[in-house]
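Q: I'm new to this structure and would like a close look at its aromatic ring pairs. Could you walk me through them, and through the packing around them?

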Amino acid sequence: MNQEIRDKYEVVIGLEVHAQLQTESKIFAADAASFGASPNTHISPITLGHPGTLPKLNKRAVEFAMRMGIACNSQITENQYFDRKNYFYPDLPKGYQITQDKTPICMGGGVHVKLSTGEKTVRFHHIHLEEDAGKSLHTDGSSDSLLDYNRAGTPLIEMVTEPEIKSAEEAATFMTEVRKLVRYLGICDGNMEEGSLRCDVNISVMPVGSKVFGTKVEIKNMNSMRFIQKAIEYEIVRQIDAVENNEKIIQETRSFDPATGRTSGMREKESMNDYRYFPEPDLVPLVISEEWLSSVKAQMPALPWELLAKFTKEYGLPEYDAHVLTDSREIAEYFEATCKFTKHYKAVSNWIMGTVKSYLNDHNLDITQLSITPEQLAQLIQLVDDGKVSNSTASHQIFPGMIADNTKTPLQIAEAKNLIQQSNTDTLQTLVDEVLANNPAKVKEYKNGKKGLLSMFMGEIMKKSKGSADPKVTTALLQKTLENL
């Protein structure tokens, strides 16, 4: 699109983010809420909405929603009730969804994001509790739809932003921060591929300076950061082209096709009246007391920005290190656990960001699956600091040995592989003398100003010692010997 035309319009984006809560059972029934079971095995008469069945609210789901609100500085609603949202869809077995319309559990608040253009807080209008629908499955070559109701009734929080997101980059960055936050809080695994975190994108365009929003279009069920960006970028161009050509934009629900990078119309968007909201008659009002709210606050885990400040101030790490280490709650916890056994905080950071993360990435593992304990990593760091092995030897030989057999200490592995650095000056002096005696021409060149040969001499000494010579001590001895020749 011509940049001049693009600059005439302002983009208005609001997100509706759905996060499945990691409770053991569903929000209104005792059925298991876990992912991956055989179709239609986690269902009961309550999930299926059989006559005479009554829902019962899952207290844990309420507390998880409160955690999100507390982390985002939202106002927790004291008196709440649930509503019925009526619409027919095959994967909604009851014919209605139990949700919160008039009294969402959290009001206001927001999530801070860092963008290429600066920083801002994307504000929430509200966060509400509701139940998830089931899942429609379509097999290739068949016109039939298969229905799996295992997901029906899984507890959700829906986080509705204010319509103040201005770009595809901002939307994806916001979703990245939300995913990090729900994982830190332990309320959702943030797995977008499995659908436990997904969002609907509401997007419109309007002339720059206008006070009136354009017609809003909704793109449903986005489950990838990349797809969110691509769908928004496509829709911006589509809507601006339509306005420029005096075409009417329909208020509708659209889907995104990753293969083509395009959105397409599914159905015209329902209005609030179509849902015929009314208070859920089978559930009593929900009251959140000060005592209950205080107990949830007391159990809150450390949040990413709190750990970021702690890592820079208490551990003295550069801001870059702190950002990398706090990107994941599990990595942050491993770092802190290691620091209980050593004061070499920067070395711990270097090891985790370097050797440890490389190993995890190469083997597609999470740090919780690392067989090396924080104490063992601290022992390895100490081995290097004591001068017993070089950093390179520790990384390329001892670390793999610890992975292969974590019952042995780093020192035991180093001794078994004869990797302990030789720091006895008499022994090292003998090696230095032998190497210099074997290379008289090179010694002459060195004396004539070719100082780069020092590394060649060191290489020969390391070969003779089979890598066991202490580099620091050896370098000092070599330089002193050359000066005295």
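A: Here is a walk through the ring pairs, followed by the cores and one helix. This is a predicted model, where local features need pLDDT of at least 70 and side-chain atom pairs count only at pLDDT 80 or more, while totals for chains, interfaces and linings use all residues. Residues are numbered from 1 along each chain as its sequence is written, and side-chain values use heavy atoms, with hydrogens and water left out.

Let's start with the rings. Rings of Phe, Tyr and Trp (its six-membered ring) pair if their centres lie within 6.5 Å; planes under 30 degrees apart are called stacked, over 60 edge-to-face, and the rest tilted. By that rule, there are 12 aromatic pairs. Take Tyr315 and Phe335: their ring centres sit 5.1 Å apart with planes at 85 degrees, so they meet edge-to-face. Tyr315 is in the loop between helix 6 (304-313) and helix 7 (319-325), and Phe335 is in helix 8 (residues 329-339), so the pair ties together parts 20 residues apart in sequence. (Helices are DSSP runs of H or I with at least four residues, numbered from the N terminus.)

Tyr315 has 14% relative accessibility, so it counts as buried, and Phe335 is buried too, at 0%. Buried here means under 20% relative accessible area, with exposed over 50% and partly exposed in between (1.4 Å probe, protein chains only). Ring pairs also link Phe311, Tyr315, Phe335 and Tyr345 into a cluster.

Now for another pair. The rings of Tyr359 and Phe399 have centres 6.1 Å apart and planes at 75 degrees, so this pair is edge-to-face. Tyr359 belongs to helix 9 (residues 345-362) and Phe399 to helix 11 (residues 391-404), so parts 40 residues apart in sequence are tied together. Both Tyr359 and Phe399 are buried.

What about the cores? A nonpolar core is a set of buried Ala, Val, Leu, Ile, Met, Phe, Trp, Tyr and Cys residues joined through side-chain atoms within 4.5 Å. The largest one has 68 residues, and Leu15, Met68, Ile157 and Val201 have the most contacts inside it. A second, separate core of 35 residues includes Tyr315, along with Ala322, Val348 and Leu419.

Last stop: helix 4. Its 20 residues (225-244) should span 28 Å at 1.5 Å a residue (the expected span is 1.5 Å times one less than the number of residues), and the end C-alpha atoms are 29 Å apart, which agrees. Among the buried residues of helix 4 are Phe227, Ile228, Ala231 and Ile232. Just after helix 4, Asn246 takes a positive phi of about 60 degrees.

Conventions
Helices (H or I, at least four residues) and strands (E, at least two) are DSSP runs, numbered from the N terminus.
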